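Got a model open and want a quick tour of what its atoms say? Here are some questions and answers to go with it.

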Amino acid sequence: MRYFLNNTRGKDIFTGLLFSLAIIIGAVLLVTFCPIIYQVGISSYDLEGYTGLSNAQMVKSLTTICHYLTLFAKEPLQVPYFTLTKETLIHFKDVKAIYAFLQVFFIIDVVILSFMIRSHLKESNVEFLNVTGKISVVIVAFFGFLSLTSFDEAFILMHQMLFRNNYWLIDPVKDPIIRIFPEIFFNHCLIGILFLIVVVNIVLQFLYRKVRHSL
């Protein structure tokens, strides 16, 4: 590792990877904890008749779940207008564990990244910005392709990989809470995440070109 970091190219790749992970995880967390996509798209989802709830009530339920997924929320999950089965509560607990990991990893990543960027700037080296863009382009292209061609299969595979049980297969009769989460919503979330990654990388590429010529 020391040799890798002492090597300029290796250092660029390492920092670019850290930066890419920070951007991706940051985009995931932002889309999750700022449910703008749901609030904007809920009218088009046409769920009121299907769920028996108003749009405002569904947004309140989603907001409660989002708060539960935050790192510092310790209280048991209680979603307004719904009574959750034991299996679904376990599933949300599993989801919370994943998001707790992402939040902790994001904090550690950003701390290490800040030191790495500082080191790069002392060396007048901003090539890591270019590397970050290249890594992110590959990731966006891959997941963008999945969202357009085989989102259903990718969605199922992701759940099979992340969860050790099948509690993610929520029965809408036993747990009607799943009705407020249409599949198209998750597709829109993925598109929102990819959009944020692209915007951030456009900004980074602009900075890279501008700063590189000034060094």
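Q: How many helices and how many strands does the secondary structure of the chain come to?
A: Keep in mind that this is a predicted model. Reading along the sequence, you hit α again and again, in the pattern α-α-α-α-α-α-α-α-α. The tally is nine helices and zero strands.

Q: What does the C-alpha trace of the chain span along its principal axes?
A: The chain has 215 residues, and buried ones make up 40% of them. Laid along its principal axes, the C-alpha trace spans about 60 × 30 × 30 Å.

Q: Of the contacts in the chain with a separation of 6 or more, what share comes from residues 24 or more positions apart?
A: A contact here needs heavy atoms within 4.5 Å. Take the contacts with a separation of 6 or more, then pick out the pairs 24 or more positions apart: their share is 76%.

Q: How much of the area that the chain exposes do carbon and sulfur atoms supply?
A: Start from the total, which is about 12,800 Å². Of that exposed area, carbon and sulfur atoms supply 68%.

Q: Which element gives the largest share of the largest nonpolar core?
A: This core holds 51 residues, and Tyr38, Ile65 and Ile177 touch the most other members. Elements giving it two or more residues include helix H3 (36-45), helix H6 (86-122) and helix H9 (183-214). The largest share is 10 residues, and it comes from H2.

Q: Which residues is Tyr38 in contact with, leaving aside its neighbours within four places in sequence?
A: Tyr38 is one of the three residues that touch the most other members of the core. With the neighbours within four places set aside, the partners of Tyr38 are Tyr45, Leu47, Met58, Val59, Leu62, Ile180 and Phe185.

Q: Which side chains meet in a salt bridge?
A: The cut-off is a Lys or Arg side-chain nitrogen within 4 Å of a carboxyl oxygen of Asp or Glu. By that rule the count comes to one salt bridge. At 2.9 Å, N to O, the pair is Lys11 and Glu123.

Q: How many residues apart in sequence are the parts that Lys11 and Glu123 tie together?
A: Lys11 is buried at 8% relative accessible area, while Glu123 is partly exposed at 45%. Lys11 sits in helix H2 and Glu123 in the loop between H6 and H7, so the parts they tie together are apart in sequence by 112 residues.

Q: How far apart are the mean positions of the positive and negative charges of the chain?
A: There are 17 positive and 14 negative charges to average over. Their mean positions are apart by 13 Å.

Conventions
Residues numbered from 1 in each chain as written. Predicted model: local features only at pLDDT ≥ 70, side-chain atom pairs only at ≥ 80, totals over all residues. Heavy atoms only, no water. Helix = DSSP H or I, 4+ residues; strand = E, 2+ residues; numbered from the N terminus. Buried < 20%, exposed > 50% of the residue type's maximum accessible area, 1.4 Å probe, protein only. Areas by Shrake-Rupley, 256 points an atom, 1.4 Å probe, with all protein chains shown as cover. Lys, Arg positive; Asp, Glu negative; His and termini not counted. Charge placed at Lys NZ, Arg CZ, Asp CG, Glu CD. Core = buried A, V, L, I, M, F, W, Y, C linked by side-chain atoms within 4.5 Å.
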